[in-house]
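User: I would like to go through this structure with you, one topic at a time. Please keep the answers plain.

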Amino acid sequence: MRVSGFLALLLLGPGLVIPAMAEQPSARPAAAKAVTAKSTSLSDASATAISVFRRANGLGPVKSDPQLAAAARTQAQAMAAAGVMSHDVGGGFSSRIRQAGIRAGVASENVAMGQASLGEVMESWKASPGHRANLLSRSATRIGLARVDGAGGRPFWALILASPEPLPGRPPQGEHQWGDPPPWIGLFGGKP
């Protein structure tokens, strides 16, 4: 099978989390409302597609998360504006996650460029060992996916997967909080 487009993968932390989808907002208010409706339906469709894939591999489902979708949309917009597929064009992943206020013990990101549909980008990610691992992360319970069309209509995709949000005032169970050094940092004389 021929896979079109380009893919990139980023995995941070001991597990993976799954994202929801969104599309590029328009400068016109009416169009922006239509895009929000499309974004919600794309997010729900991506969560469904990823959940079906996960169930076929013995894992639980994921749900669409609006906060993850917004962060994915920001990254897809940055890639489309620059015309480059990159995890860093919108800033480093961990700093983008913190800046978006996302709380998760584990989070990961898949990006892609050129696939025309959700089905195509999903097949591309399934065929790539690193992206597949992100989709099948045991930690993932929520996702955010976005597609933004760049110059010439070239699609840019960003998917953020994450573990459950911890209870208020508590770190994620069994994992360290984003921005905090892991517990083993500094044990052997190094500085956190």
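User: In which sense do strand β2 and β4 pair, parallel or antiparallel?

Analyst: This is a predicted model, and in it strand β2 (residues 63-64) pairs with β4 in the parallel sense, over two bridges. Lys-63 has Arg-142 of β4 as its bridge partner.

User: And β4 with β5, in which sense and over how many bridges?

Analyst: Those two strands pair in the antiparallel sense, and eight bridges join them. For Val-148, the bridge partner in β5 is Phe-156.

User: What do β4 and β5 form, and how many residues lie between them?

Analyst: β4 and β5 form a hairpin, with five residues between the strands. Gly-152, in the turn, has a positive phi of about 70°.

User: How many residues of β4 are buried?

Analyst: Seven of the eight residues in β4 are buried, leaving the strand mostly covered.

User: Switching to charges. How many salt bridges turn up in the whole structure?

Analyst: The search finds four. One of them joins the side chains of Glu-109 and Arg-96, with an N to O distance of 2.9 Å.

User: Why does that pair tie together separate parts?

Analyst: Glu-109 belongs to strand β3 (residues 107-113) and Arg-96 to helix α3 (residues 93-99), so the salt bridge links parts that are 13 residues apart in sequence.

User: Are Glu-109 and Arg-96 buried or exposed?

Analyst: Both Glu-109 and Arg-96 are buried.

User: Which residue forms a salt bridge with Lys-126?

Analyst: Glu-123 does, and the closest N and O atoms of the pair are 3.3 Å apart. The two residues sit three places apart in helix α4 (residues 118-127), so about one helical turn separates them. Lys-126 is partly exposed, at a relative accessible area of 23%, and Glu-123 is also partly exposed, at 34%.

User: What about Asp-149 and Arg-147: how do their side chains meet?

Analyst: They meet in a salt bridge, with 2.9 Å from N to O. Asp-149 is partly exposed, with a relative accessible area of 33%.

User: Why does Arg-147 count as buried?

Analyst: Its relative accessibility is 19%, and Arg-147 is therefore under the 20% limit for a buried residue.

User: On to the interior. How many residues has the largest nonpolar core, and which have the most contacts inside it?

Analyst: That core has 20 residues, and Met-79, Ala-158 and Ile-160 are those with the most contacts inside it. At least two core residues come from each of α2 (66-82), α3, β3, β4 (142-149) and β5 (155-162). The most comes from α2, which gives six residues.

User: Where is the other core, and which residues are in it?

Analyst: It lies apart from the largest one and has 19 residues, among them Ile-50, Phe-53, Met-122 and Leu-136.

User: Back to the largest core. What is Ala-158 in contact with, beyond its neighbours within four places in sequence?

Analyst: Its contacts include Ala-72, Gln-75, Ala-76 and Met-79. Asn-110, Val-111, Gly-144, Leu-145 and Ala-146 are also in contact with Ala-158.

User: And Ile-160: where is it found, and is it buried or exposed?

Analyst: Ile-160 is in strand β5. The residue is buried, with a relative accessible area of 0%. From C-alpha to C-alpha, Ile-160 and Glu-109 are 4.5 Å apart in space, although 51 residues apart in sequence.

User: Where does Ser-86 lie?

Analyst: Ser-86 is in the loop between α2 and α3, and it is buried, with a relative accessible area of 19%. A polar atom of the Ser-86 side chain lies 2.9 Å from the backbone nitrogen of Asp-88. For the backbone nitrogen of Val-89, the distance to a polar atom of that side chain is 3.3 Å. Not counting residues up to four places away in sequence, Ser-86 touches Gln-75 and Met-79.

User: Last topic, confidence. What pLDDT does the chain average?

Analyst: The average is 76, and 66% of the residues score at least 70.

User: Where does pLDDT stay under 50?

Analyst: One such stretch is residues 1-37, where the model has 144 contacts beyond four places in sequence. Another is residues 174-192, with 27 contacts of that kind. Where pLDDT is low, predicted coordinates should not be read in detail.

Technical notes
Residues are numbered from 1 along each chain as its sequence is written. This is a predicted model: local features need pLDDT of at least 70, side-chain atom pairs count only at pLDDT 80 or more; totals for chains, interfaces and linings use all residues. Side-chain values use heavy atoms; hydrogens and water are left out. Helices (H or I, at least four residues) and strands (E, at least two) are DSSP runs, numbered from the N terminus. Buried means under 20% relative accessible area, exposed over 50%, partly exposed in between (1.4 Å probe, protein chains only). A nonpolar core is a set of buried Ala, Val, Leu, Ile, Met, Phe, Trp, Tyr and Cys residues joined through side-chain atoms within 4.5 Å. Contact means heavy atoms within 4.5 Å. Two strands pair if DSSP finds at least two bridges between them. pLDDT is the predictor's confidence in each residue, from 0 to 100. A polar contact is a pair of N or O atoms within 3.5 Å; within protein, one must be able to donate a hydrogen and the other to accept it, and residues adjacent in sequence count only if both atoms are side-chain atoms.
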